[in-house]
Amino acid sequence: QVQLVESGGGLVQAGGSLRLSCAASGRTFSSYVMGWFRQAPGKEREFVAVIGRSGSSPYYADSVKGRFTISRDNAKNTVYLQMNNLKPEDTGVYYCAASSIEGVLTSTRYYGYWGQGTQVTVSS
């Protein structure tokens with residue numbers, strides 16, 4: 001079992017930056033693959049980024065590649081999403097998720113644990 005709490009969302013102008021954090025409870029944080037997803041109103045939840053157990057193999061959706069960076073600090077039970085050069089189409093609720101399955105996981109179906117989400121709004 002793991003509980004996830006996102007923070008760091010807000011309103012920012014296009015071209016700006018935000019850093020999201022996801023704090024996890026539990027003693028086995030390092031055993032989970034961690035991912036970030038986002039969801040805009042009326043749309044399905046979509047993959048953003050994923051990182052391996054030890055911080056290895058970061059992988060990104062094409063729409064955010066080169067602009068976003070995922071990282072984790074297992075000693076602090078925290079995963080981060082640094083978002084630079086934000087665009088209006090990045091607007092949505094961002095969710096942190098944890099999976100006990102090994103691999104580069106880009107589908108929501110692989111994740112058993114989810115945070116409550118944090119709103120990111122990018123104005124033009």
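1. Let's start with Asn 77. This residue is buried, with a relative accessible area of 18%. The cut-off matters here, because buried means under 20% relative accessible area. Asn 77 sits in the loop between strand E7 (68-73) and strand E8 (78-83). Its backbone deserves a look too: Asn 77 has a positive phi of about 55 degrees, although it is not a glycine. Why point that out? Most residues other than glycine have a negative phi. Keep in mind as you read on that this is a predicted model.

2. Now look at Asn 85, another asparagine with a positive phi, here about 50 degrees. You'll find Asn 85 in the loop between E8 and strand E9 (92-99). Is Asn 85 buried or partly exposed? Its relative accessibility is 44%, so Asn 85 counts as partly exposed. Asn 77, by comparison, is in the buried class.

3. Step back to the whole chain. How many helices and strands does the chain have? The count is 0 helices and 11 strands. Read from the N terminus on, the elements simply go β-β-β-β-β-β-β-β-β-β-β. If you're colouring the picture by secondary structure, expect strands and loops, with 0 helices to mark.

4. Next, the overall size. The chain has 124 residues, and a compact globule with that many would have a radius of gyration near 14 Å; the value for this chain is 13 Å, which agrees. Along the principal axes, the C-alpha atoms fill a box of roughly 40 × 25 × 25 Å.

5. What about inside and outside? Of the 124 residues, 44% count as buried. The chain exposes about 6,300 Å², and carbon and sulfur atoms supply 46% of that area. As for charge, there are 12 positive and 8 negative side chains, and the centres of the two sets lie 4 Å apart.

6. Contacts within the chain are worth a point of their own. Take the contacts between residues at least 6 apart in sequence: 59% of these join residues at least 24 apart. The next few points give some examples of residues far apart in number that come together in space.

7. The disulfide. The structure holds 1 disulfide. Which residues form it? Cys 22 and Cys 96 do, with their sulfur atoms 2.2 Å apart. Cys 22 lies in strand E3 (residues 18-24) and Cys 96 in strand E9, so the pair ties together parts that are 74 residues apart in sequence. If the term is new to you, a disulfide is a covalent bond between the sulfur atoms of two cysteines. The link of Cys 22 and Cys 96 is left-handed, with -80 degrees about the S-S bond. Both Cys 22 and Cys 96 are buried.

8. Strand E9 also holds Ala 97. Ala 97 is buried, with a relative accessible area of 0%. Leaving aside neighbours within four places in sequence, Ala 97 is in contact with Leu 4, Val 33, Met 34, Gly 35, Phe 37, Tyr 111, Tyr 113 and Trp 114. Ala 97 and Val 5 are 92 residues apart along the chain, yet 9.7 Å separates their C-alpha atoms.

9. Stay in strand E9 for Gly 92. Gly 92 is buried as well, with a relative accessible area of 1%. Apart from neighbours within four places in sequence, its contacts are Gln 39, Ala 40, Thr 118, Gln 119 and Val 120. Gly 92 and Thr 121 are 29 residues apart in sequence and 6.5 Å apart in space, C-alpha to C-alpha.

10. Over to Gln 3, in the segment before strand E1 (4-7). Gln 3 counts as exposed, at 62% relative accessibility. Even so, Gln 3 has contacts beyond its neighbours within four places in sequence, namely Ala 23, Ala 24 and Ser 25. Which residue is 110 residues from Gln 3 in sequence but 7.2 Å away, C-alpha to C-alpha? That's Tyr 113.

11. Last one: Asp 62, in the loop between strand E6 (59-60) and E7. Asp 62 is exposed, with a relative accessible area of 66%. Its C-alpha is 8.6 Å from that of Val 48, and the two residues are 14 apart in sequence.

Conventions: Residues numbered from 1 in each chain as written. Predicted model: local features only at pLDDT ≥ 70, side-chain atom pairs only at ≥ 80, totals over all residues. Heavy atoms only, no water. Helix = DSSP H or I, 4+ residues; strand = E, 2+ residues; numbered from the N terminus. Rg over C-alpha atoms; globule rule 2.2 N^0.38 Å. Buried < 20%, exposed > 50% of the residue type's maximum accessible area, 1.4 Å probe, protein only. Contact = heavy atoms within 4.5 Å. Areas by Shrake-Rupley, 256 points an atom, 1.4 Å probe, with all protein chains shown as cover. Lys, Arg positive; Asp, Glu negative; His and termini not counted. Charge placed at Lys NZ, Arg CZ, Asp CG, Glu CD. Disulfide = S-S within 2.5 Å.
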